[in-house]
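Grab a pencil and work through these short exercises. Each one comes with a solution, so try it yourself before reading on.

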Amino acid sequence: MNDQIPAEDIAVGAYGKPALGKSLESRHISMIAIGGIIGAGLFVGSSTTISLVGPAAVVSYAIAGLIIMLVMRMISEMAAALIGVQAFPDFARAGIGHWAGHLSGWLYWYFWVVVVAIEAIAGAKILNHWWPDIPTWQIGVGLMAFLTGVNLMSTRSYGEFEFWFSLTKVVAIVAFILVAGSWALGFTSPTGQTFGNLTAHGGFAPAGWGGVLAAVASTIFALCGAEISTIAAAESAEPAKAVARLSLSVTVRIVVFYILSLLMIVAVVPWQEIQPGYSPFAATLAAMHVPGGETIMNLVVLVAVLSCLNSGLYVTSRTLFHLASHGDAPQWLVAVNKRQVPVRAILIASLFSYGALAAERLSPDTVFSFLLNSSGVTMLLLYLMVAAAQLRLRAKFAREGRELQLKMWFHPFGTLFAVAGMLAVIGFMALTPDLASQFWMSLLVAAGFLGLFLATKKARS
């Protein structure tokens, strides 16, 4: 199935496509990358990791962050070398072949359709806490309808909403680090420095270093999402330059926003006091007696959820648009309106997310459970295809004698390290009874989309 097609055909679409707008600015792209990384996985999901492995959760996130940084560097190298190819699934198409572009595109679309429904439910539950008389499903539908409308207005409207959503998260995290850092250093704490919490309760890694490595399997998914900016970069004035800058900026974000904020949490609060499912940020603010700390964090989590929901609707529509432009989805989806917005692709993507939301309401233990589990390792499968594409394209460039402006770190060992890390996570999930269903269901969905490609190819021949 090595039906690789020229990069120039990928850039314009093998079947031709109307042009998307170029209304996103560099500030939008930068904040979209932040919005993809910083979500409820940090503000709430990190509580589970801390409660399992203690202060060494910082190391788990650092390892996961390193893998994601390497993946983003691969993307940056390919984006700089393949002018006109910025859409995340199209890197697999360029490096491996048409079948890989089809598979990665549909898997990426499927993943974000499910995420949109999950985020709508999460946002609805937060708002239901303040408005208990309104059913959560109605709030969820309302949130999706509102942000679908935002995406339909223009690409710039999506970018502006995401810019302010992400800026709010950044301000909140920076403020948290400063407040918690002052406490941990003893400036505001009545008992002096609190860094002793890092080792005072069973040691830095009370569950052992094996547990720290195992926790990477859950933490790595919280760090996925930076690749959203590669989709958005295609609608900016200088897409290749925008994508190429990502590797360094993602590195800074991971270090500052994840590692430092989590370090402050476990320095201020004894790790045994962190409750799974309850925001460790809220627990830290409560420990420092910050007035209204829980309400503040609920608002921040709500912004994070809305940000992810906004980006999810954007990504699903653009991925569907790119699939159609290469003949992997119905051609009528490539139509754009006078504002150069793919309205049909947005509406279709939104409808599927409404279906997933309805499944959570009508069949939470069967249909929605399948959707949730079958997207479990999807992002890692996609990242593995990116790594394979980078290795093949780099070998091709070497044969052609091309000098790359931006290169993958420690090639090929940087890529191979990332591949080994991702395979280890997938293998761990496959061998863990509670996680194995996610592995097998994700493979089943991938096989289904690959079968769709083979059937479509046979019908055309």
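Below are three exercises on this predicted model. Residues are numbered from 1 along each chain as its sequence is written, and side-chain values use heavy atoms, without hydrogens or water. Local features need pLDDT of at least 70 and side-chain atom pairs pLDDT 80 or more, while totals for chains, interfaces and linings use all residues.

**Exercise 1.** Work out the span of helix H9 and find where H9 bends.

*Solution.* Start with the limits: H9 covers residues 209-222, 14 residues in all. Helices here are DSSP runs of H or I with at least four residues, numbered from the N terminus. Next, the expected span is 1.5 Å times one less than the number of residues. H9 reaches 20 Å from first to last C-alpha, close to the 20 Å expected. Finally, H9 bends by about 35° at Val216 (the angle between axes fitted to the seven residues ending there and the seven starting there).

**Exercise 2.** Decide whether Cys224 is in a disulfide or in none.

*Solution.* Take the rule first: a disulfide is a pair of cysteine sulfur atoms within 2.5 Å. By that rule, the count is zero disulfides. For Cys224, the nearest cysteine sulfur belongs to Cys308, 11 Å away. That's too far for a bond.

**Exercise 3.** Place Ser154 and classify it as buried or exposed.

*Solution.* Ser154 sits in the loop between helix H7 (136-153) and helix H8 (155-184). Its relative accessibility is 18%, so it counts as buried (under 20% relative accessible area; exposed is over 50%, partly exposed in between; 1.4 Å probe, protein chains only). Leaving aside neighbours within four places in sequence, Ser154 is in contact with Arg339 and Val341 (heavy atoms within 4.5 Å).

Conventions: Helices (H or I, at least four residues) and strands (E, at least two) are DSSP runs, numbered from the N terminus.
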